[in-house]
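Colleague: I would like a close look at a single part of this model, the packing of its aromatic rings and the cores around them. Please take it step by step.

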Amino acid sequence: MSKAVHSKSIAFGILRALGIIFGILVLLWFLWEIQSVLAYIGIAAVFSLIGRPIVLLLRDKLKFNNTIAVIITLLILFMIIIGVVMMVIPVITEQSENLSQIDLEELQVNIEVLNEQISNYFGIKRVNLLERLQKTDYYQDFNMDLIPQFVNGFFGTLGSFAIGLFSILFISFFLLKDSRLLLEGVLVFSKKGNEGQFLRAFTKIKQLLSRYFIGLVFQVLILFVLYSVILFIVGVENAIIIAFFCALLNLVPYLGPAIGYVLMSAFVISDNLGSNFSDVILPQLIIVFVGYGLVQTIDNFLNQPLIFGKSVKSHPLEIFIVILIAGIVFGILGLVLAVPTYTAIKVISKEFLSEYKIVKKLTQNL
């Protein structure tokens with residue numbers, strides 16, 4: 001081969017590599033620009049997986065027309081979402097009005113009294129919390145006018161929320177109505193002759209994730225009821241809303257329950273500022289601590305094994321390691337998406353990499 005031909009070949013290879021890199025960068029830029037659309041499609045896919053058993057029940061058992069079954073299913077999901085929103089908005093409005101009318105001097109006195117009572121009860125050196133708080137950048141930069149601005153911003157996003165909800169329901173309708181729609185989109189990436197493997201993997205993933213997301217719905221519902229009972233016992237205002245948010249936080253493995261406990265305890269203290277610590281606040285905090293611990297025990301040893309074990313067919317230790325790695329690498333989003341992503345990877349690996357021993361071991365229960 002002459003030097004000219006060799007140089008031309010090298011130049012062509014460099015240009016081809018640069019073209020590929022440029023194409024990848026353009027693709028990533030495009031995906032970033034349409035991230036909201038991708039989010040709508042992802043949420044719609046989750047909705048379709050949750051609604052799939054309802055559609056099958058209405059269509060196969062009750063003999064509804066397929067389109068009618070899908071519409072009824074989406075109406076049920078829509079009413080649940082609207083019910084939650086209508087439950088949350090009045091509470092946020094009320095709390096914003098309460099915050100705007102706070103007597104800061106009275107609040108300061110109550111916090112100081114509580115601080116002194118805690119120090120005396122536990123026999124520890126009194127720490128001036130307010131002075132330390134006032135020295136922080138958060139306190140010095142904080143403006144009470146930000147509260148109504150935040151509320152206005154919240155209501156300003158309702159329009160975007162409505163558009164997003166409509167888009168999600170619209171996409172979910174067609175995913176539920178035509179179950180092969182998503183499958184045909186996936187099969188575009190398969191090689192000729194591998195369609196059967198892709199079909200088996202897709203069907204298995206859909207079945208497992210459908211049971212997983214439905215299991216999560218039941219998990220949140222159970223936690224919501226139990227948390228509500230705890231908060232009603234201690235007499236916290238807006239117990240239902242607080243219990244609902246704490247139950248949702250549980251969807252973030254390990255970190256979510258800890259934040260939920262702190263949130264619940266903070267509301268118990270804030271509702272009883274000015275009361276005696278040892279006679280009122282401490283007993284209620286003990287009730288919350290014991291109740292929350294009991295609920296988490298029930299969730300960890302009963303709810304989660306049923307959801308993770310039977311729905312995604314993975315060992316609890318296996319799930320823990322996957323969630324831990326995903327959390328370290330991808331943060332909170334990794335914690336939330338770890339289990340469904342790992343499940344999909346396992347199914348795909350079983351179909352296309354079954355000759356490897358590690359794959360056989362990890363996928364033996366699928």
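Modeller: What follows goes from the ring pairs to the cores and then to some neighbouring parts. Keep in mind that the model is predicted.

A search of the whole structure finds eight aromatic pairs. A pair of aromatic rings is described by the distance of the centres and the angle of the planes. One of the pairs is made by Y212 and F213, with 5.3 Å from centre to centre and 65° between the planes, which is an edge-to-face arrangement. Y212 counts as buried because its relative accessible area is 5%, under the cut-off of 20%. F213 is also buried, because its relative accessibility is 14%.

The pair of Y227 and Y292 has another geometry. The ring centres lie 5.0 Å apart and the planes are at 0°, so this pair is stacked. Y227 sits in helix α9 and Y292 in helix α12 (residues 277-311), so the pair links distant parts of the chain, 65 residues apart. Both Y227 and Y292 are buried. Ring pairs also join Y227 and Y292 with Y261 and F289 into a cluster.

Now the cores. Y212 and F213 appear again here: with I323 and V339, they have the most contacts inside the largest nonpolar core, which has 20 residues. Two or more residues of this core come from each of the elements α9 (195-234) and α13 (316-352). Helix α13 gives the most, with ten residues. I323 can be followed further: leaving aside residues up to four places away in sequence, I323 touches P253, Y254, L335, A338 and V339. Apart from this core lies another, of 19 residues, and L223, A243, A247 and L285 are among them.

The record is worth setting beside these parts. An unreviewed UniProt entry lists several stretches under "transmembrane region", including residues 212-234 and 240-268. In the model, residues 212-234 are 100% helix and 0% strand, and the end C-alpha atoms lie 33 Å apart. For residues 240-268, the end C-alpha atoms lie 14 Å apart, and the span is 83% helix and 0% strand.

Helix α11 (residues 255-271) comes next. Its 17 residues reach 25 Å from the first C-alpha to the last, close to the 24 Å expected at 1.5 Å a residue. The buried residues of α11 are G256, P257, G260, M264, S265 and V268. Seen down the axis of α11, these buried residues fall within an arc of 165°, so they line one face of the helix.

Two residues from an earlier part of the chain show the two ends of the accessibility scale. S48 is found in helix α2 (residues 35-61), and S48 counts as buried because its relative accessibility is 10%. Not counting residues up to four places away in sequence, S48 touches L175 and L176. K63 lies in the loop between α2 and α3 (66-100). K63 counts as exposed because its relative accessibility is 67%, over the cut-off of 50%. The phi angle of K63 is near 60°, a positive value in a residue other than glycine.

Technical notes: Residues numbered from 1 in each chain as written. Predicted model: local features only at pLDDT ≥ 70, side-chain atom pairs only at ≥ 80, totals over all residues. Heavy atoms only, no water. UniProt positions renumbered as here; feature names shortened; annotations may be inferred. Helix = DSSP H or I, 4+ residues; strand = E, 2+ residues; numbered from the N terminus. Buried < 20%, exposed > 50% of the residue type's maximum accessible area, 1.4 Å probe, protein only. Contact = heavy atoms within 4.5 Å. Core = buried A, V, L, I, M, F, W, Y, C linked by side-chain atoms within 4.5 Å. Phe/Tyr/Trp six-rings, centres within 6.5 Å; stacked < 30°, edge-to-face > 60°. Expected span 1.5 Å × (residues − 1). Arc of directions from axis to C-beta.
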